[in-house]
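User: I am new to this structure and would be grateful for a close look at a single part of it. Please describe one helix and its surroundings in a connected account.

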Amino acid sequence: MEVLHARCAGLDVHRDTVVACARIVEDNTVHQHVAQFGTTTVELRRLRDWLSGHGCTHVVMEATGVYWKPVWNVLYGGFELLLANAAHVKNVPGRKTDVNDATWLADLLAHGLVRASFVPDKPLQELRSLLRTRKQLVREKAQHVQRIEKTLQDANIKLTSCISDIVGQSGRAILQALVEGETDPERLLALASTRLKAPRSEILEALRGHVTAHHRFLLRLHLEQIVHLEAAIAGLDEEVGHGLDPFRSQVAVLKTIPGVSDLMAQVIVTEIGTDMSRFPTVGHLLSWAGLCPRNDESAGKRRSTRLRHGAPWLKTQLVQAAWCATRAKNTYLRAQFLRLKARRGPRKAIMAVAASILCAAYHMLGNNLTYKDLGPDYFDRLEHGKLLRRLVHKIEDLGYAVTLTVQPAA
């Protein structure tokens, strides 16, 4: 097999150690040099000098948790770095040692058999980290809201039956009063906004319960946690705003896609970047994100069409955006969802809509285009003759004769 990189190295990265194998080809002879280093900054610099001393030009390492990031940061700029998916570079079973792993990676890299994972530039990495942290904090806040609901049910306060958002203006005022010891339903009802859709009598009955000191302690604890989390989320939003300046135009363009909010546009930019040349085709991007069926075929039979996990931070957000897009009337995405839902079910239909959103983002970012909706009648226009024949057959089945004439243009 042809050797593409005569001087390369493979790194087996762990939390405390890095095993490096430098693969050097000289006079058609392969020389392998193996050494072990620590993961402190001094040790990683010594690794960098060791690789430079062997004249390595390309270095590959596995994406092992977050342990690869310090190694990447120290080696960045001095070598052509490749990050490999561990599932794509598995060795033969039964030969598992750190030295063999590093040697195997070096051999794969030398022959060009490593598919590099997408690693964004430093500014995008920092924004990506901020937005991922924000999502985790939002999840934590939702968990505290659920625990508040659990505590209210234990106290026989049916507030969630009348108020959709129990940490909104009215819900929070009532919760704060309960924490302070107020138990009179009439006084608690006075704190609720008159704009609530539930009848006042229903809310009054929902506020009759048995709140003890134990319940008040738990409610106070969760409310304080929610306040702290909201302050942290606001701080993250401010920090993201400062780092988002170079990408404002791309975010503004992506917001024109139905279902894509300002936050969703930021997530798309930080997760896939703005340089679409990293993905040869839109199909590569959809495969990377896990929004297309896997290839699992044997003897001419498709064994599985389940989706891969792909990029979980992007995929889940795209699915949320897709559900929002299906509620936007007179749009192509809604028509696509309804068309597929009837035949394949809502779950597969929503994944197709999410894939369409990402496909549109790929072309918009790659070609500097604006979003142009195909319209809710796109599929009818695409299959005009087929639709016409189906409607004619339907009317004939009802016992009528059909004569078609072309209506002159107005």
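The account below follows one helix and then a partner that it packs against.

Analyst: The model considered here is predicted. The part chosen is helix α11, which spans residues 282-289. Within α11, the residues V282, L285, L286 and A289 are buried. When the helix is viewed down its axis, these buried residues fall within an arc of 95 degrees, and therefore they line one face of α11. The general geometry of helices helps here: an α-helix has 3.6 residues a turn, so residues three or four places apart point the same way.

What does this buried face pack against? The buried residues of α11 pack against three helices, namely α10 (262-272), α12 (312-325) and α14 (346-367). Just beyond the end of α11, G290 adopts a positive phi of about 80 degrees.

The packing against α14 may be examined in detail. Two packed helices are described by the angle between their axes and the distance between the axes. For α11 and α14, the axes come within 10 Å and cross at roughly 135 degrees. An angle over 145 degrees would count as roughly antiparallel, so the crossing at roughly 135 degrees makes α11 oblique to α14. The crossing of these two helices is right-handed. On the α11 side, the contact is made by V282, L285, L286 and A289, the residues that are buried in this helix. On the α14 side, A355, L358, C359, Y362 and H363 take part. By class, the residues of this contact comprise eight nonpolar, one polar and no charged.

Helix α14 also meets α13, which covers residues 332-344. The axes of α13 and α14 come within 7 Å and cross at roughly 150 degrees. The two helices are therefore roughly antiparallel to each other, and their crossing is right-handed. From α13, the residues L333, Q336, F337, L340, K341 and R344 are involved. They meet P346, K348, A349, I350, A352, V353, S356 and I357 of α14. This contact has nine nonpolar, two polar and three charged residues.

Taken together, α14 is oblique to α11 and roughly antiparallel to α13. The contact with α11 includes no charged residues, whereas the contact with α13 includes three.

Key
Residues numbered from 1 in each chain as written. Predicted model: local features only at pLDDT ≥ 70, side-chain atom pairs only at ≥ 80, totals over all residues. Heavy atoms only, no water. Buried < 20%, exposed > 50% of the residue type's maximum accessible area, 1.4 Å probe, protein only. Helix = DSSP H or I, 4+ residues; strand = E, 2+ residues; numbered from the N terminus. Arc of directions from axis to C-beta. Contact = heavy atoms within 4.5 Å. Axes fitted to C-alpha atoms, helices over the stretch in contact; angles between N-to-C directions. Parallel < 35°, antiparallel > 145°, perpendicular 65-115°, else oblique. Left-handed = near helix turned anticlockwise from the far one by under 90°. Nonpolar A, V, L, I, M, F, W, Y, C, P; charged D, E, K, R; others polar.
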